[in-house]
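Student: Could you take me slowly through one part of this model, explaining each term as you use it?

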Amino acid sequence: MARGTALQMHVLGAAAGGGSPQWNCRCEVCRLAWAGDPRVTPRTQSSIAVSIDGEQWALINCAPDILKQLQQTPALHPREGHRHTPIASVLLTNADVDHVGGLLNLRESSPFRLLATPMIQDVLQQNPIFEVLNPAYVTRESIALETAFTLLEGLEARLFAVPGKTALYLEGENVELGIEGESTVGVEFIHGSQRAYYIPGCAAVTPGLAERLDGADLLLFDGTLWRDDEMIEAGVGVKTGARMGHMSMSGDDGSLAALADIDVARRVFVHINNTNPVLIAGSSQRGEVERSGWEIAFDGMELMCRT
Ligand code: MLT
Ligand code: MN
Ligand code: ZN
């Protein structure tokens, strides 16, 4: 580990697919946000940036909002010459639109590594619009599960399967829920003795996942819904969280309960859907989450793991 380096993260977008408020939504949270109510802060779609030196950065997922996110994050601005970016790598945790849509914005001939499991790379390969990423500049690397790889110079990472499902636009007639494979992964960041995790989509905390997370310094975890039937209740959708491949925060099988006894120094919910009442400051659900030791991510949140 290089001297003077520290694992650092910027939450670029803390919301789930659609963002908050979402373009066509008038659920309770979105109505407050459209009205400019100070209890609700707008959030863009799911992405973080990671670095150990503040010079070179990796994007983990690339949301359709990437341009706005970069504009709002000075560390990611071009710094030298006529063309430059501090973004050296882009790593994907699934092929959902909120995680790959922004790749189309990164097409103007700057070199970076595009990293994902073989299955996610296949999805990109099969979609010719991603050919705008000129292979002379963008190198696509397939990353095997459970194998440490160099994400940035001096920063190792590892991908691991979590229960999930295929991307919405690839669902067939009979979608398989809760599958553990290359379609939905979490990321482990390893820097010296520090371990941090980013898991923006997860259908269940398996015993194996709980064991993996035990002793972590930092956990960023799927905070899509408060309640499994929340979108139906809000009158904005017909799907449960389980059907979308996301476990909810509350309830006996929710993430608050599933992770309560696991030793994690700092825990933060990300990928928060616009229907989730935890997005309203002062809500009872926000209080419950915070009393359980969790933080609610916001765009521009900076997280630091010191060694
Ligand atoms: C999800 O996280 O469930 C997806 O991003 C949904 C979507 O594609 O909009
Ligand atoms: Mn999503
Ligand atoms: Zn909404």
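Tutor: What follows is a close look at the metal site and a residue beside it in the contact list. This is a predicted model, in which local features need pLDDT of at least 70 and side-chain atom pairs count only at pLDDT 80 or more, while totals for chains, interfaces and linings use all residues. Residues are numbered from 1 along each chain as its sequence is written, and side-chain values use heavy atoms, with hydrogens and water left out.

The manganese ion (ligand 2) has as its protein donors Asp-98, through OD, and His-271, through NE2, at 2.1 to 2.2 Å; donors are N, O and S atoms within 2.8 Å of the metal (3.2 Å for Na, K and Ca), and because water is not among the atoms, sites may look incomplete. Asp-98 belongs to helix 3 (residues 97–100) and His-271 to the loop between strand 12 (267–270) and helix 9 (284–291), so the two donors tie together parts that are 173 residues apart in sequence. Helices (H or I, at least four residues) and strands (E, at least two) are DSSP runs, numbered from the N terminus.

Asp-98 is buried, with a relative accessible area of 6%, and His-271 is buried at 5%, where buried means under 20% relative accessible area, exposed over 50%, and partly exposed in between (1.4 Å probe, protein chains only).

Both donors are among the residues that Ala-16 touches, together with Gln-45, Thr-224, Ile-272 and Asn-273, leaving aside residues up to four places away in sequence; contact here means heavy atoms within 4.5 Å. Ala-16 itself sits in the loop between strand 1 (7–13) and helix 1 (28–34), and Ala-16 counts as buried at 2% relative accessibility.

Definitions and conventions
Chains are lettered from A and ligands numbered from 1 in the order in which they are written.
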